[in-house]
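Hi,

Here is the structure I promised to pass on to you. Please open it alongside this message, and my notes follow underneath.

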Amino acid sequence: MAAMTAITTHEFSGTGTVLNPATGAVAGEVHWTDPADVPGIAAKLRAAQRDWEQRGAKGRAKALAGFAVWLGEHRSEIEELLVKETGKSAVDAAQEVPLLIMILSYVIKTMEKALAPESRPAALPFLAIKKITLHYRPRPVVGIIAPWNYPVANAMMDAIGALAAGCSVLLKPSERTPLTAEVLRRGWLESGAPDVLALAQGAREISEAVIDNVDFVQFTGSTPTGRKVMERAARRLTPVSLELGGKDPMIVCEDADIDLAAHAAVWGAMFNAGQTCVSVERVYVLEPVYDQFVEAVVRDVKALQVGAGEGHFGALIDESQVAVVERHVADAKAKGARVLTGGERPDGPGSFYPPTVLVDVDHSMACMTEETFGPTLPIMKVGSVAEAIRLANDSEYGLSASVFSRDVERAKDIALQLDCGAANINDVISNLMCTTAPMGGWKASGIGARFGGADGLRKYCRVETVVAPRTNVGAGGNYYHNSLKALARMNRMMTKMALARPRRTAKRG
């Protein structure tokens, strides 16, 4: 994810105006939260959470279902605001609400079972006199610090899991995209849900206040900012889950379906103007199909239309993001890369940058090693799969990757040699839709994961283990009131029983 904007504190007091980055028109106004008010907001959420938890999974599922219906009924309103606030194309904006509804549908279906008390067996037969039960109890207030690239999906996909678990949620949307969060909170209340979802609007000081007043932090953003979030949370030993930057590689084998791979590379690199944590940011193509692949990519890119609201993708979020793309392209050109499409910012208003294909690239260039978060597609020729794997792993990031080959088993073998949280075979970004599996990064791409079936809800809970007697027989055998001989006898018996399995295993050939 791209880093948070560095804006001075005085810009976040009173009321602020949000501009459309594609047109410069006013998208709306927002009332910035006073950092001094955040403890009070958190306190109200903490009080409301008790009743929310007492509803049980069934009661909360009904409220979440009502919110899903509201989202479906207000999809057009949300998407129109998304286009105004972010400069997205209508095509890209249309992806967010359906994704949320799909996540809600899955959570509603599975949450009761996922959050039910869980029995655990005894470690050894002689310990079976105890009944072990795990209870998943929600953390009272979860703080979500969300990014600007998907103001609807990235804010609520994490909030859904926390709300389902029985937590209250304090959402801090990006200061670049505060408006859609206001609509989402309005929808939560209009759908009949209780007031357990609140907003804190602002930048760094508000983020710090949120971290200081919640019981769990879910952060999505840049790696440098993620480190600061973790440092702040460590002061109170508040647990965190961090979904951070990426530089996702794509490997195209010599036996790949080249048209499919080209279509995927272009969509994966250009979707949302490249402002996606799991964008295709670099491509390694085996030499026998390199020219064919590049030709297919250039063909696809030349057919793309860029525009505010209309077209395949829209503007970047602001001038600072355009500057990153310009720097990466200029650096690549200076070091010998060739630009096959784009490469120059167009004249006219708006934070636009054209879809840019770069070839003759290598790892001396920022476009291959730093997160670009823009509509660029650098393509590198490699002589072997082993070289592609080595280069793909030559990165501080490890979010996701993709491998293209007609031999799926071969592609799976390659995927399992890549250092990343997820790998897609003959597709890109699809792991984001697999809510039964965890979505998280390795290395500097994060800690923890979102989704993951039951784990995606349980991450917002504290686990309480209750150990109860099945029978009073055997209780107190190792208490001090017994004789020293009895205690020694009990210790010998327990040791002998516990050693039975290790001894059998050690004797096996």
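Below is what I found, going from confidence and domains to the cores, the sheet and a few single residues.

**Confidence**

Please keep in mind that this is a predicted model. The protein chain has a mean pLDDT of 95, with 98% of its residues at 70 or more. Confidence peaks in strand E11 (residues 282–286), at a mean of 99, and is lowest in helix H17 (residues 484–507), at 92. Residues 1–10 are the stretch to treat with care: pLDDT is below 50 there, although the model gives this stretch 36 contacts beyond near neighbours in sequence. Where pLDDT is low, the predicted coordinates should not be read in detail.

**Domains and annotation**

The domain assignment divides the protein chain into domain 1 (15–244 + 452–462) and domain 2 (248–431). Their C-alpha centres are 31 Å apart. Across the boundary, 21 residues of domain 1 make contact with 27 residues of domain 2.

UniProt, in an unreviewed entry, carries the annotation "domain: Aldehyde dehydrogenase" over residues 15–466. In the model that span is 42% helix and 21% strand, and 50 Å separates its end C-alpha atoms.

**The nonpolar cores**

The largest nonpolar core holds 106 residues, and Phe293 and Ile379 have the most contacts inside it. Helix H6 (residues 153–165) supplies the largest share, 10 residues. Both domains take part, since this core draws at least three residues from domain 1 and at least three from domain 2. Ile379 is a good place to start looking: leaving aside neighbours within four places in sequence, its contacts include Val283, Val285, Tyr290, Phe293, Val294 and Val297, as well as Val357, Leu358 and Val359. Another core, of 25 residues, lies apart from the largest one; Leu286, Val403, Ala411 and Leu418 are among its members.

**The six-stranded sheet**

One open sheet is worth tracing on screen. Its 6 strands come in the order E7-E6-E5-E8-E9-E20, with mixed pairing. Strand E7 (197–199) and strand E20 (446–447) are at the edges with a single partner strand each, so one side of each has no neighbour in the sheet.

Further in, strand E5 (residues 141–145) and strand E6 (residues 168–172) run parallel and are joined by 5 bridges. Ile145 sits opposite Lys172 in E6. Strand E8 (residues 216–220) also pairs with E9 in the parallel sense, over 4 bridges, and Gln218 is placed opposite Ser241 in E9.

In a regular strand the side chains alternate between the two faces of the sheet. In strand E9 (residues 240–243), Val240 and Leu242 point one way while Ser241 and Glu243 point the other way, and all of them are buried.

**Polar residues in buried loops**

Which loop holds Lys247? Lys247 lies between E9 and strand E10 (249–252). Lys247 has a relative accessible area of 1%, so this residue counts as buried. Among its contacts beyond four places in sequence are Glu281, Arg282, Cys367, Met368, Glu370, Glu371, Ser395 and Tyr397. Arg282 is 35 residues away along the chain, yet the C-alpha atoms of Lys247 and Arg282 are separated by 7.2 Å.

Gln275 belongs to the loop between helix H10 (258–270) and E11. Gln275 is buried as well, at 3% relative accessible area. Its contacts, again leaving aside neighbours within four places in sequence, include Trp148, Asn149, Tyr150, Gln321 and Phe373.

**Two residues with positive phi**

Most residues other than glycine have a negative phi, and two exceptions caught my eye. The Phe373 just listed as a contact of Gln275 has a phi near 60°. Phe373 is in the loop between helix H13 (366–369) and strand E14 (376–382), and is buried because its relative accessible area is 2%, where buried means under 20%.

Asn426 has a phi near 55° and is located in the loop between strand E17 (422–425) and strand E18 (438–439). Is Asn426 buried or partly exposed? With 24% relative accessibility, Asn426 counts as partly exposed.

Happy to hear your thoughts once you have looked through it.

Best wishes

How values were computed: Residues are numbered from 1 along each chain as its sequence is written. This is a predicted model: local features need pLDDT of at least 70, side-chain atom pairs count only at pLDDT 80 or more; totals for chains, interfaces and linings use all residues. Side-chain values use heavy atoms; hydrogens and water are left out. pLDDT is the predictor's confidence in each residue, from 0 to 100. Helices (H or I, at least four residues) and strands (E, at least two) are DSSP runs, numbered from the N terminus. Contact means heavy atoms within 4.5 Å. A nonpolar core is a set of buried Ala, Val, Leu, Ile, Met, Phe, Trp, Tyr and Cys residues joined through side-chain atoms within 4.5 Å. Buried means under 20% relative accessible area, exposed over 50%, partly exposed in between (1.4 Å probe, protein chains only). Domain bounds come from an automatic or database domain assignment. UniProt positions are given in the numbering used here, feature names are shortened, and annotations may be inferred rather than shown by experiment. Two strands pair if DSSP finds at least two bridges between them.
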